[in-house]
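Please open the model in your viewer and keep the sequence panel beside it, since the stops below are chosen by chain and residue number. The tour moves from one selection to the next and says what is found at each.

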Amino acid sequence: MADRYKKVLTKKDSSKVKNSLSRRIFLKKALISGVAMATTVSLAKKVSTLAIPDLNPQKLNMNDVIAGDIAMAQKKYILMTKREKEDLVQFFVENYQKDNL
Amino acid sequence: MRNIKLSRNIFYALLALLMITEIGYSQDAQPAQDEELVKDCYESREDYGYVERRDIEPALPNVICSQTTSRVLWWGDPYDGTIPLGDMPLEADYSHEEAVVTPREKQLKIFMPCTTCHNGKTVPVPKNKEPRLIQFHQDIVPNALQLMHGKGSIWCLDCHSMTNRDKLISFRAEEISLNQPQKLCGKCHGEVYRDWRDGIHGKRIGSWTKGGKKRWWVCTECHNPHTVDANIFLPIKPEPAPALPKGMKSADHEHKEYGHQ
Amino acid sequence: MADTNSKIPDQPGEKDNGTNRRDFLKETGLSVAALTGAATLLTGSQEAEARVTWAEWFQKSYRLMTNEEQKDAIARLEERHSQEFGKKVTVDGSPAMKDVLFGYALNIKKCIGCRTCVHACVKENNQSRYNPELQWIRVIKMEKGEFLAANMDKGYPKDYGIEVGGNAYENAGVTLEGEHYYQPETVPEKDYFYFPIQCMQCEKPPCVKVCPVRSTYREPDGIVVIDYNWCIGCRMCISACPYWARRSNWGEPNLPAEEMNPKTHYLGNRPRMNGATEKCTFCLQRVRNGRYPACVEACPVGARKFGNLLDPDSEVRKILARKGVFRLKAELNTYPKFFYFID
């Protein structure tokens, strides 16, 4: 019981001291965490740049989309053969029957 | 605790602000509407018959016309003002009652039947089918000696009846109604005629179902038989292009000169 | 002692928790009220509309609804749209017809690029007219290729020559690169052909595969539909579609009441909302009631053909049997049911 009183009383009395103390602690913590964060970020960046060779969107586009476009550009509109057309119709009919049994 | 409360209140305030701005966010003004509504429109051939827009039911027009090209864009009732197509010389997979056409002969009544003048007296019946210069109908055929059909092998009276000018005529001297020109055209253009009869050439509107009621477009509703050698289908004005994406000033980048491959 | 004692919390934090909960409840209450108010404001002040909006927020995916729930959802929409557009709006919910698989064929030699189909589609399907202007059909003007006699025998498959689809005809390739915004005095123009593209209603649609909430799916009659209410607007399907067929409502759609087509279908042309994705449905509201799609009817040259792929006498099957047919980007194995043919 007495301990509790003491605690409460000390809290009230030393509020100013404690406030300044907590500010100091807070600043210290902020500094530490800031430094830690910066380190982590830079480390992560370093690791990611090492792991993933190039994240340049321009280059990614050139390698992925443009390559696809070029591949399509070299293709022709080719008429289907009679066999292909028959097979396609057969595929559609069978697919419908399979789905709607 | 206080800080949390404060930040939460700020959050709510921001949320409310966001909602208010969302409500208040106004779109750009609506583009100005054409003052006069185009009501006379054509269906396929610009120089052929016109259809007038009217309401079949409240808020259901017979057609919706394009305001820029006066072409019919949409039919409220696809069978409006049609008559049965009648027999086809060869059977196709349609039932006779369900195939309809817009009658062409009614145009003769509105203006004037051809036989008003071509009655054998006002204009005498020609002696033969030999091509010769004619003084009338330059609006249809500018130079009668250069008919743009059949590359010089046929002339007016090979299709129009010599004695009854309100009818067409086949080479077997059968009179054919202007409502059913396909019976005449099909005699020479057999392959296209077969495709048309089977529904894979030409235009039809109405029901897609097998044997369902359809309005068939006959040959002359798309092709002008007097000028087909020059244009199978007369060039028409296109509908407006889509809006350019926001921020794009012109579509020059699309052109070949721009370096586009 | 006892007094003082009572002021001191027995278990530290209890008082705090109490305040917390009360505050929380108060604030939650306030925010719910704010939200409801905002919802009412957002959808206009009409009470019916607010009620509909409220019910729509708790609506299930259309595919998972019971028949009763579907009917309720449709009734709600009819109420909302009739009020919004000031006329009797019907929302159809008819399911796919039996033994029907829709297919489409377009005569690429006949198309003159007049864009009549594009605008007929807009009139029929209640797209936003401006800002954003949405059109489901895109017509691309392309240069004609040249015919090279040297390539006559380089047919496909080998040694069969042009008769089975030889590639003597050199074209620009399957790039879809051409002019979208062409505006000449008259069409067709010499040395150009026109390539209309719209949703191909793929048998194996890549857009359906990527949808994270399964709001887009393939119906038994082969049409790929979207439940606009269930759509979260992530636009994954737009980037997945190789045919550039899907459109997003980038803003609140602008549909003038007098231009609104009141005959709608839940999965078809009912008015969409901001953020929802939309696309061609072969005019679901028409074709399920036996009518041709609007673009088929509008085409002044009759280049567009439509029919049942399961019926050998249908227009599409006859074209497949008789005409030269190709599909766009067939090598992607999406099995489009939209065919391009030449006479």
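Angles between elements are taken here between axes fitted to C-alpha atoms, for helices over the stretch in contact, and they run from 0 to 180 degrees between N-to-C directions. Please bear in mind throughout that this is a predicted model.

**First stop: a sheet in chain C**

Select β12, β2, β14 and β13 of chain C, which in that order form an open sheet of 4 strands with mixed pairing. At its edges lie β12 (304-308) and β13 (324-326) of chain C, each of which pairs on one side only. Neighbouring strands of this sheet are turned against each other by 30° on average, if direction is ignored. In general, the strands of a sheet pair through backbone hydrogen bonds, in either a parallel or an antiparallel manner.

Now restrict the selection to β2 (residues 102-107) and β14 (residues 338-342) of chain C, which run parallel and are joined by 4 bridges. Which residue of β14(C) is the bridge partner of Leu106(C)? Picking Leu106(C) and looking across to β14(C) leads to Tyr340(C).

**Second stop: the helix across the sheet**

Add α10(C) to the view, and it will be seen to lie across β2, β12, β13 and β14 of chain C, running at about 110° to β12(C).

**Third stop: from chain C into chain B**

Keep α10 (315-322) of chain C displayed, because the buried residues of α5(B) pack against this helix together with α4 (182-188) and β12 (214-216) of chain B. Within α5 (residues 190-197) of chain B, the buried residues to select are Tyr193(B), Asp195(B), Trp196(B) and Arg197(B). Following α5(B) is Gly199(B), whose phi is positive, near 80°.

**Fourth stop: the cysteines**

How many disulfides does a search of the whole structure find over all chains? The search finds 1, and the disulfide joins Cys41(B) to Cys65(B), with an S to S distance of 2.0 Å. This pair links distant parts of the chain, 24 residues apart, with Cys41(B) in strand β1 (residues 40-42) and Cys65(B) in strand β5 (residues 63-65) of chain B. Cys41(B) counts as buried because its relative accessibility is 0%, and Cys65(B) is likewise buried, with a relative accessible area of 2%.

By contrast, Cys185(B) is in no disulfide, and the nearest cysteine sulfur, that of Cys219(B), is 3.7 Å away; Cys185(B) counts as partly exposed, at 24% relative accessibility. Finish in chain C with Cys237(C), which is buried with a relative accessible area of 10%, and whose sulfur is 6.3 Å from the closest cysteine sulfur, in Cys234(C), and therefore too far for a bond.

Definitions and conventions. Residues numbered from 1 in each chain as written. Chains lettered and ligands numbered in written order. Predicted model: local features only at pLDDT ≥ 70, side-chain atom pairs only at ≥ 80, totals over all residues. Heavy atoms only, no water. Buried < 20%, exposed > 50% of the residue type's maximum accessible area, 1.4 Å probe, protein only. Helix = DSSP H or I, 4+ residues; strand = E, 2+ residues; numbered from the N terminus. Contact = heavy atoms within 4.5 Å. Disulfide = S-S within 2.5 Å. Pairing = 2+ DSSP bridges.
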